[in-house]
Amino acid sequence: MNFDLKTLGVDGAVTEKCDLLVLLVSESFVPGSDALSDLVTQALKAKDFDAKPGKHLQMYQPQGVAARRLVLAGIGHGDARSVRQAMASIAAAFKQATVKRAVVCFASSAAGSAVAAAVQGAAQASYVYTTTKPKAEARTLARVVIGVADVNAVIDAFTHSTAVVAGVEYAREWGNRPANHATPSLLAGAAKALTKHPRIQCKVMGPPEVSRLGMGAFMAVAQGSHEPLRLIELRYNGGAKTQAPVVLVGKGITFDTGGISIKPASEMDEMKFDMCGAASVLGVFRALAELQPAINVVGLIPACENMPDGHAIKPGDVVTSMSGQTIEILNTDAEGRLVLCDALTYAARFKPSAVLDIATLTGACVIALGGVRTGMFASDDALANALMAAGEASDDLCWRMPLDEDYAEGLKTNFADMANVAGRPGGAISAAKFLQKFVEGVPWAHLDIAGTAWKGGAAKGATGRPVGLLVHYLLGMAAAPDAAAPKARQRKAPARGA
Ligand code: BES
Ligand code: MN
Ligand code: ZN
């Protein structure tokens with residue numbers, strides 16, 4: 001799907017030939033002397049239409065208007081939230097098979113965030129997953145023109161949002177694929193496919209290389225599966241060679257049965273989404289490919305299945321991680337932290353300015369924050385603030401959670417340096433404390449997306465979160481690297497063991 005931005009007033013929209021014209025009308029709408037303005041004025045007067053967000057009126061071949069279908073949609077004060085609400089309320093119009101070319105025109109001046117909301121709304125409304133459902137009606141919408149009064153004022157927000165759409169859709173696609181269509185090897189293929197874009201490189205490692213690296217925790221999770229593990233290393237080199245990269249680590253469990261600590265059958269299918277952290281890293285690289293910002297980013301994806309078989313790890317087994325720390329695996333279902341800890345150790349090789357991991361890590365995080373905000377844990381206040389702000393700005397919200405050392409108490413064991421689980425209370429936090437033991441001397445954040453990466457029920461499917469948040473954060477770094485990632489000398493002492 002293509003997006004275009006062009007200068008277009010209400011008078012110009014009158015002659016736009018398209019299958020669907022959406023006129024976004026705010027409460028401060030001032031009518032001109034054109035056919036569309038007349039229509040809006042009459043509809044408002046007759047109270048058949050209202051500029052409140054969510055209110056809309058549809059018409060077919062209205063007199064004097066070139067578009068075949070016309071939708072007037074209220075956007076209240078014209079803020080991003082209202083535009084999102086408006087676009088969601090008219091989503092059905094973008095799904096129509098006969099709508100190939102749509103024009104979304106702001107009837108009054110629009111802010112960048114409102115334009116971004118319109119772009120994302122049109123994409124969201126028309127997205128269809130078809131890979132394993134060939135008879136599903138695929139997206140027919142091919143081109144969306146966003147019409148605004150002042151193109152220059154919103155061009156950056158527009159470009160940014162169309163790149164985020166490409167990234168979100170890449171993440172949704174891979175998140176939605178069932179586990180037999182998204183094995184670790186296929187995920188590696190999805191990463192490799194990104195190298196067709198400039199400045200992106202990809203290296204894929206298999207069991208021999210991972211064994212040589214000494215990633216005993218990662219290998220332990222994979223050993224009960226017939227699918228060979230993959231360690232995917234993506235690089236986006238847009239900045240100077242001397243510029244320290246941000247490393248993104250995405251949990252890539254392509255299916256989580258729980259292993260020997262097996263999960264109950266109901267809703268276990270949703271554990272195909274346990275690679276949504278990995279998918280979000282792929283999505284971020286897809287967006288970077290579009291935007292080509294002047295930064296360096298490394299993406300690391302430890303990918304494998306968590307299966308029970310004769311070779312599978314057993315509760316009580318002790319493994320040695322790449323860091324040298326030993327881990328007693330008391331619950332084989334706490335596998336995400338096992339694959340992530342070795343990837344976090346590996347991340348230090350890149351001498352990063354910040355390390356962020358993204359993972360569908362705990363059911364406890366779903367209980368804590370539901371599907372609205374991602375759980376965010378950070379060892380560094382500046383990084384936490386930057387992520388929080390990026391979440392608000394991109395409408396991909398997160399919420400900071402604590403990392404007090406007392407939460408690590410439950411990880412103590414008589415048989416290894418640490419256990420992989422503590423008790424049930426505060427489960428999202430003890431999981432974060434576990435990960436923190438593998439990060440030293442670098443600002444680190446952990447995003448627990450267990451509640452936000454996918455939706456269940458009738459709307460079951462991957463959301464593509466938190467691609468929007470991450471891209472916003474990274475672009476903030478490109479604009480002002482010091483603001484988004486603290487310099488080494490501003491850093492606090494590593495929180496580990498503190
Ligand atoms: N992938 C799951 C977390 C999860 C569960 C996400 C349900 C979304 C919905 C993770 O690997 C897991 O199983 N975590 C356990 C940890 C526990 C054994 C300490 C959990 O949350 O139950
Ligand atoms: Mn699990
Ligand atoms: Zn899992």
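Where does ligand 1 sit? In this predicted model, ligand 1 is found in the second largest pocket. The close-ups below start there and then move on to a cavity and two backbone spots.

**View 1. Ligand 1 and the residues around it.** Here's the shell around the ligand: 16 residues surround ligand 1. Lys-263, Asp-274, Asp-333, Glu-335 and Gly-363 are the closest of them. Sort that shell by class and you get seven charged, five nonpolar and four polar residues.

**View 2. Polar contacts to ligand 1, with Asp-256, Glu-335 and Leu-361 in the frame.** Take the oxygen contacts to begin with. A side-chain N or O atom of Glu-335 is 2.8 Å from an oxygen atom of ligand 1. Asp-256 also reaches an oxygen atom of the ligand, with a polar side-chain atom 2.9 Å away. Leu-361 makes its contact through the backbone: one of its N or O atoms there lies 3.4 Å from a nitrogen atom of ligand 1. As for cover, ligand 1 has 510 Å² of accessible area on its own, and the protein covers 76% of that.

**View 3. The second largest pocket, home to ligand 1.** Zoom out a little and you're looking at about 960 Å³ of space in this pocket. Its lining runs to 32 residues, and the ones nearest the centre are Lys-263, Asp-333, Thr-362, Gly-363 and Ala-364. Two of those names, Lys-263 and Asp-333, should ring a bell from View 1, where they are listed among the residues closest to ligand 1. By class, the pocket lining splits into twelve nonpolar, ten polar and ten charged residues.

**View 4. Helices that help to line the second largest pocket.** Three helices each put at least two residues into the lining: H11 (336-347), H12 (363-369) and H14 (427-436). Which of the elements gives the largest share of the lining? That's H12, with four residues.

**View 5. The second largest cavity.** Leave the pocket behind for this one. The model has two cavities of 30 Å³ or more, and the second largest holds about 40 Å³ of space. Its lining is made up of Ala-171, Arg-172, Cys-276, Ala-279, Ser-280, Ala-453, Ala-462, Gly-464 and Arg-465. Helix H6 (151-176) and helix H10 (276-291) are the elements that give two or more residues to it. H10 has the largest share, at three residues. In class terms, five of the lining residues are nonpolar, two are polar and two are charged.

**View 6. The cis peptide bond between Arg-465 and Pro-466.** Arg-465, which you just met in the cavity lining, is joined to Pro-466 by a cis peptide bond, with omega at about 0°. To find Pro-466, look in the loop between strand S20 (461-462) and helix H15 (467-479).

**View 7. Arg-199 and its positive phi.** What is the phi value of Arg-199? Phi is near 70° here, a positive value in a residue other than glycine. Arg-199 lies in a loop as well, this one between helix H7 (184-193) and strand S7 (200-205).

Conventions
Residues numbered from 1 in each chain as written. Chains lettered and ligands numbered in written order. Predicted model: local features only at pLDDT ≥ 70, side-chain atom pairs only at ≥ 80, totals over all residues. Heavy atoms only, no water. Near = heavy atom within 4 Å. Polar contact = N/O pair within 3.5 Å; in protein donor to acceptor, adjacent residues only side chain to side chain. Areas by Shrake-Rupley, 256 points an atom, 1.4 Å probe, with all protein chains shown as cover. 1 Å grid on protein atoms, 1.4 Å probe; cavity = no way out; pocket = protein on both sides within 12 Å on 5 of 7 lines; lining within 4 Å. Sits in = over half its atoms within 2 Å of the grid points. Nonpolar A, V, L, I, M, F, W, Y, C, P; charged D, E, K, R; others polar. Points joined across faces, edges and corners; volume = space filled by probe spheres on them.
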